Amino acid sequence: MAGRAEHTATRAFFTPRADAWEERFAYQTPAYEAAVSRMGLTEGGTALDLGCGSGRALPALRRLVGASGTVLGVDLTPAMLTAAAREGRTGPGRLLLVADCARLPLAAGTVHGIFAAGLLDHLPKPRTALAEWARVCAPGGELLLFHPSGRAERAARHGRPLSPDDPLAGPNLRPALEATGWRLAEYEDAPDHFLARARRP
């Protein structure tokens with residue numbers, strides 16, 4: 001019941017915003033592309049964009065895995081995936097899937113890279129999601145957590161102090177990753193972006 005309520009609330013928030021999402025946030029696309037370029041994906045691999053929205057990261061992920069690879073955009077809100085399709089982000093090797101990112105309909109070890117922008121700190125159970133992402137990721141695969149602004153800037157924008165309970169805070173994120181099957185490789189919390197890159201041992 002709680003899960004269904006969370007899904008309903010998420011869709012209620014994003015559905016009316018989906019049509020304008022791309023236009024509103026298109027200026028962030030270069031930052032998304034720069035973040036994706038930090039991933040160690042190779043041609044022929046499979047990449048996920050979790051909480052993909054209108055799919056701003058999908059073209060950059062596609063360039064990394066090449067024509068023989070697969071890119072899967074996952075979002076809980078069908079209207080967001082409709083917006084992504086309208087932007088031309090489907091086609092051979094580019095798939096869009098309505099799914100809960102904490103319960104992915106994918107076999108274990110089938111993914112080589114996972115990109116998640118502005119997602120983990122909004123999930124009710126971040127460790128459950130991290131464990132699920134580790135399950136579907138092959139050994140040596142990567143997870144990139146990203147946001148086009150730093151934690152302090154986002155907190156100030158919302159008129160609140162940084163919370164010590166923030167799952168993206170270094171002292172919280174590292175043990176959460178290690179407990180769920182990841183090893184933190186890079187951590188950057190700069191004014192203009194947040195980025196954490198982890199590897200599946």
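**Entry 1: strand pairing**

Two strands pair if DSSP finds at least two bridges between them. With that in hand, I opened this predicted model and went to strand β4. I found six bridges joining β4 to strand β5, residues 137-147, and these two strands run parallel. I then picked out one pair: Ile114 has Leu143 as its bridge partner in β5. To get from β4 to β5, I followed the chain through helix α6, residues 126-136, and this β-α-β crossover is right-handed.

Next I looked at strand β1, residues 46-50. Four bridges join β1 to β4, again with the strands running parallel. Here Leu48 has Ile114 as its bridge partner in β4. I noted that Ile114 turns up as a partner of Leu48 and of Leu143.

**Entry 2: is β4 buried or exposed?**

I asked how many of the seven residues of β4 are buried. Six of them are, so this strand, residues 111-117, is largely enclosed by the rest of the structure. The cut-off I used for buried is under 20% relative accessible area.

**Entry 3: the two sides of helix α8**

I moved on to α8, residues 170-179, and found Leu173, Ala176 and Leu177 buried. Looking down the helix axis, I saw these buried residues fall within an arc of 100 degrees, so they line one face of α8. What do they pack against? The buried residues of α8 pack against α6, β5, β6 (183-190) and β7 (193-199). On the face turned away from that buried side, I found the exposed residues Pro171, Glu178 and Ala179. After α8 comes Gly181, and I wrote down its positive phi, near 100 degrees.

**Entry 4: the nonpolar cores**

A reminder to myself: in soluble globular proteins, nonpolar side chains tend to be buried together. The largest nonpolar core here has 30 residues, and I listed the ones that touch the most other members: Leu50, Ile114, Trp133, Leu143, Leu145 and Trp182. Which elements each supply at least two residues of this core? They are β1, β2 (70-75), β4, α6, β5, α8 and β7. The largest share, five residues, comes from α6.

I took a closer look at Leu50. Leaving out residues up to four places away in sequence, Leu50 touches nine others that I could name: Val74, Cys101, Leu104, Ile114, Phe115, Ala116, Ala117, Leu119 and Trp133. Apart from the largest core, I found another core of 17 residues, among them Tyr32, Ala35, Leu58 and Phe146.

Notes. Residues are numbered from 1 along each chain as its sequence is written. This is a predicted model: local features need pLDDT of at least 70, side-chain atom pairs count only at pLDDT 80 or more; totals for chains, interfaces and linings use all residues. Side-chain values use heavy atoms; hydrogens and water are left out. Buried means under 20% relative accessible area, exposed over 50%, partly exposed in between (1.4 Å probe, protein chains only). A crossover is right-handed if, with the strands pointing away from the viewer, the path from the first strand over the helix to the second runs clockwise. The arc is that of the directions from the helix axis to the C-beta atoms. Contact means heavy atoms within 4.5 Å. A nonpolar core is a set of buried Ala, Val, Leu, Ile, Met, Phe, Trp, Tyr and Cys residues joined through side-chain atoms within 4.5 Å.
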